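Subject: Structure handover

Hello,

Here is the structure we spoke about. Please open it alongside these notes.

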Amino acid sequence: MSRQIRFNAFDMNCVAHQSSGLWRHPEDRSATYNTLEYWTNLAQLLEKGTFDGIFIADVLGTYDVYGGSNEAAIRNGAQVPVNDPILLVSAMAHVTEHLGFGVTAGTAYEHPYPFARRMTTLDHLTKGRVGWNVVTGYLPSAARNMGHDDQMEHDDRYDHADEYLEVLYKLWEGSWEDDAVVKDRERGVFTDPSKVHEIGHRGKHFTVPGIHISEPSPQRSPVIYQAGASPRGIAFAAGNAEAIFVAAPTKEVLTGTVSRIRDALEAAGRDRYAAKIYTLLTIITDETPEKAQAKYEEYLSYASDEGALVFMSGWMGIDLSQYDLDEPVGNVKSNAIQSVIANLQESARHGKEFTVRDIGRHGSIGGLGPTIVGSGTQIADQLQEWVEETDVDGFNLAYAITPGTWEDVIEHVIPVLRERGVYPTEYTPGTLRHKLHGRGDRLPEEHKGAGYRIGAQVAVG
Ligand SMILES: Cc1cc2nc3c(=O)[nH]c(=O)nc-3n(C[C@H](O)[C@H](O)[C@H](O)COP(=O)(O)O)c2cc1C
């Protein structure tokens with residue numbers, strides 16, 4: 001049987017998420033990101049296309065690496081202004097039945113205790129459709145506004161995140177027994193106190209002695225997403241992630257990334273396929289190859305070169321304004337997203353070296369992932385090639401314009417994939433975790449988080 005393909009939609013609570021300048025396109029609606037209707041309409045549209053979920057990115061700082069200032073980011077609307085992603089979810093859940101929600105929240109600045117409650121609340125309200133994209137941050141500007149001189153060093157950020165997750169697993173998995181809430185009207189007992197346990201966490205970064213203050217939700221721990229692909233990022237993902245977002249410029253680079261992740265999952269005592277891997281991609285499609293190409297060129301005419309370099313500088317942690325446009329960036333070291341630099345270097349080893357101009361062009365539509373252009377049949381062929389050759393599970397689709405890019409994928413590509421039997425025609429009932437892995441609502445026994453359950457092998461405390 002041919003390999004199945006899955007889609008996620010990649011968005012952010014801002015304009016022209018990864019396609020700087022495209023907000024000026026007459027059909028783009030991203031400038032209405034600050035209305036509920038934008039999000040509820042989008043959620044309903046994606047559910048029509050049986051997307052696994054919508055993944056909402058987030059940052060807590062401005063992109064001020066390019067030119068050493070945030071002026072270009074502000075001028076271009078390059079992920080600033082940006083609103084909170086978590087507040088969008090209830091409204092989208094209310095108008096859909098199956099769509100999953102992967103919300104991004106960083107581990108560096110917010111205490112895990114209130115965050116635990118917020119995610120549990122969403123898991124209740126969505127009936128178990130919420131996921132958390134765990135990020136460790138990459139923008140020094142975010143750190144400064146949280147009162148730090150700079151962000152933590154790259155690998156230290158992940159060590160800190162390890163303890164952050166430990167606290168959360170204890171709260172989500174190990175505080176309330178399943179039958180703690182009894183709602184006994186005659187005895188006047190809402191919750192049996194003997195079944196609610198203090199977690200007694202005392203660690204290097206956090207002290208949380210008490211109980212989780214929310215009752216257990218359908219999934220308890222939200223589905224854990226992760227999106228860092230450096231060696232330390234992969235080690236973190238291997239222990240925690242149930243879905244992983246990667247960004248690779250070519251199939252060759254992606255093949256290496258996917259196999260490193262699957263090896264790491266196995267090394268962490270999990271199945272090679274215990275996490276769904278989605279790679280970032282943008283699809284430009286239409287009825288014919290010619291129309292799709294014309295559409296792509298028209299989109300490019302709205303792209304902002306400056307905005308693209310603002311993004312790429314932020315992701316790479318390198319001020320690209322210092323380079324000549326035709327210069328390759330070469331061997332640089334980064335305290336931002338290390339996998340971005342590693343991917344460019346690996347691509348050069350495969351014979352394709354990126355100059356600053358290429359990096360800007362590559363990033364101008366859809367950010368770090370490639371953009372593919374063609375008719376529905378051509379795109380379907382390419383997607384099948386990508387999954388067969390790289391062992392990736394699916395695609396995290398960025399948009400050029402919204403909702404136009406999603407509408408085009410649903411109209412031209414999904415019907416072809418469905419006809420070929422490689423794309424879902426309906427949703428599996430149940431929680432997001434069950435939809436993704438078919439093994440129930442809760443973290444599987446072999447997952448690190450399950451070790452914090454009451455009565456589990458790993459002692460809580
Ligand atoms: C596809 C993709 C999406 C990401 N989305 C976000 C995001 O929304 N917010 C954020 O702070 N970091 C985001 N990141 C950054 C990572 O989560 C991670 O913190 C960073 O990549 C450093 O990890 P690495 O050096 O291990 O790759 C994203 C990375 C990738 C590849």
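Below is what was found, taken topic by topic. Please keep in mind that this is a predicted model.

Helix pair

Start with helix α7 (residues 231-240) and helix α8 (residues 251-267). They pack with their axes 8 Å apart, at an angle of about 50 degrees. That angle makes α7 oblique to α8. The crossing of α7 past α8 is right-handed. On the α7 side, the contact uses Ile 234, Ala 235, Ala 237 and Ala 238. From α8 come Arg 260, Ile 261, Ala 264, Leu 265 and Ala 267. By class, this contact has eight nonpolar residues, no polar ones and one charged.

Ligand shell

How many residues surround the ligand? There are 23. Ala 57, Gly 228, Ser 230, Gly 233 and Ser 339 are the closest. Four elements give two or more residues each to this shell: β3 (100-106), α7, β10 (243-246) and α11 (338-349). So α7 appears again here, after its packing against α8. The shell splits into eleven nonpolar, ten polar and two charged residues.

Gln 378

Gln 378 sits in helix α13 (residues 376-390). Is Gln 378 buried or exposed? Neither fully: Gln 378 counts as partly exposed, because it has 18 C-beta neighbours inside 10 Å. A residue would need 20 or more to be buried, and 12 or fewer to be exposed. Between the C-alpha atoms of Gln 378 and Val 182 the separation is 56 Å. Along the chain, these two are 196 residues apart.

Best wishes

Technical notes. Residues numbered from 1 in each chain as written. Predicted model: local features only at pLDDT ≥ 70, side-chain atom pairs only at ≥ 80, totals over all residues. Axes fitted to C-alpha atoms, helices over the stretch in contact; angles between N-to-C directions. Parallel < 35°, antiparallel > 145°, perpendicular 65-115°, else oblique. Left-handed = near helix turned anticlockwise from the far one by under 90°. Contact = placed C-beta atoms within 7 Å. Nonpolar A, V, L, I, M, F, W, Y, C, P; charged D, E, K, R; others polar. Near = placed C-beta within 6 Å.
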